[in-house]
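Q: Please take a close look at one sheet in this model. How is it built, and what packs against it?

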Amino acid sequence: REKTIVMTEEDMDRVLRRIANEIVEKNRGVGDLVILGIQRRGVHLASRIRNMLRDSEGSKIPSGELDITLYRDDLAVLSDDPVVHSTSIPVSISGKNLVLVDDVLFTGRTIRAALDALMDLGRPASVQLAILIDRGHRELPIQPDYLGKMVPTSSSEIVEVKVKELDGEDRVVICDR
Ligand code: 5GP
Ligand code: MG
């Protein structure tokens, strides 16, 4: 059941633009950046940020994807760890500043799995994390470098993130499960 609208289409666009600007500021440009989206919705958020950076900085930023899935199908059951099914990263990550992009940060276990997989691929100069919604309940010491919005949730709530590319609209809503 839908309860609270957290972000409208306009909000989401503004937030992604701010994050894109913060990425440029922190990295003093986009020279050694690689943008990596986490399947599925993180990939579309990553590609929007990348397009904004291409338009504002005038250069194409290499990008890639990580496909990471939770064994758990109920987000309330936190016993299993996420598994990296595949990585598609068409450039060397060694010496690069990687920006991981995902829609929701919860326990932190998906990002931990992503870091593990990345460390097997090379030695990046840095790994940074961009997240649209931080819903709290962290179980690991992982925090976003770039955050759209902090949305405290109870364990009976989930955050529904809709993106145009997959869902036909841009919207973030808190729902009762
Ligand atoms: P974590 O691994 O931090 O526990 O969970 C984060 C991953 O699970 C992200 O890839 C995110 O897509 C998904 N996730 C966890 N909780 C939610 C939620 O409330 N809503 C949505 N849309 N995804 C969630
Ligand atoms: Mg996900």
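A: In this predicted model, six strands make up an open sheet, ordered 4-3-2-5-6-7, and the pairing is mixed. Strand 4 and strand 7 (146–150) are the edge strands, each pairing on one side only. On average, neighbouring strands are turned by 20 degrees against each other, direction ignored.

Start at the strand 4 edge. Strand 4 (residues 83–88) pairs with strand 3 in the antiparallel sense, over five bridges. Within strand 4, Ser88 stands opposite Glu65. On the other side, strand 3 pairs with strand 2 over four bridges, this time in the parallel sense. Here Gly37 stands opposite Glu65 of strand 3. Glu65 thus appears in both pairings, opposite Ser88 in strand 4 and opposite Gly37.

Strand 3 (residues 63–69) has two faces. Gly64, Leu66 and Ile68 form the covered face. Ser63, Glu65, Asp67 and Thr69 form the uncovered one.

Now the other edge. Strand 6 and strand 7 run parallel, joined by four bridges. Tyr146 in strand 7 is the bridge partner of Ala130.

Two helices pack on this sheet. Helix 1 touches strand 2, strand 5, strand 6 and strand 7, and its direction makes about 150 degrees with that of strand 7. Helix 3 (residues 109–119) touches strand 2, strand 3, strand 4, strand 5 and strand 6. The direction of helix 3 makes about 155 degrees with that of strand 5.

Next, the three-stranded sheet. It is open, has the order 1-9-8 and pairs in the antiparallel sense. Strand 1 and strand 8 stand at its edges with a single partner strand each, so one side of each has no neighbour in the sheet. The twist from one strand to the next averages 25 degrees. Four bridges join strand 1 to strand 9, in the antiparallel sense. Met7 stands opposite Val172 in strand 9. Helix 1 packs on this sheet too, touching strand 1, strand 8 and strand 9. Its direction makes about 40 degrees with that of strand 1.

The side chains add to this picture. The largest nonpolar core has 30 residues, and Ile49, Leu53, Leu132 and Val172 touch the most other members. Elements that each supply at least two of its residues include strand 2 (33–38), strand 5 (97–105) and strand 6 (126–134), as well as strand 1 (2–7), strand 8 (157–162) and strand 9 (171–176). Helix 1 gives the largest share, seven residues. A second, separate core has 17 residues, among them Ile93, Leu118, Ile131 and Ile142.

Leu132 deserves its own look. Leaving out residues up to four places away in sequence, its contacts include Met7, Met12, Val15, Leu16, Leu45, Leu147, Val161 and Val172. Asp102, Asp103 and Lys149 are also among them.

Finally, the whole chain. It has four helices and nine strands, in the pattern β-α-β-α-β-β-β-α-β-β-β-α-β along the sequence. The radius of gyration is 16 Å, close to the 16 Å the globule rule gives for 177 residues, so the chain is as compact as a globular protein of that length. Buried residues make up 44% of the 177. Of the contacts with a separation of 6 or more, 68% join residues 24 or more positions apart. The accessible surface comes to about 8,800 Å², with 46% of it belonging to carbon and sulfur atoms.

How values were computed:
Residues are numbered from 1 along each chain as its sequence is written. Chains are lettered from A and ligands numbered from 1 in the order in which they are written. This is a predicted model: local features need pLDDT of at least 70, side-chain atom pairs count only at pLDDT 80 or more; totals for chains, interfaces and linings use all residues. Side-chain values use heavy atoms; hydrogens and water are left out. A nonpolar core is a set of buried Ala, Val, Leu, Ile, Met, Phe, Trp, Tyr and Cys residues joined through side-chain atoms within 4.5 Å. Buried means under 20% relative accessible area, exposed over 50%, partly exposed in between (1.4 Å probe, protein chains only). Contact means heavy atoms within 4.5 Å. Two strands pair if DSSP finds at least two bridges between them. Axes are lines fitted to C-alpha atoms, for helices over the stretch in contact, and angles run from 0 to 180 degrees between N-to-C directions. The radius of gyration is taken over C-alpha atoms; the globule rule is 2.2 Å times the number of residues to the power 0.38. Accessible areas come from the Shrake-Rupley method with a 1.4 Å probe; for residues, only the protein chains shown count as cover.
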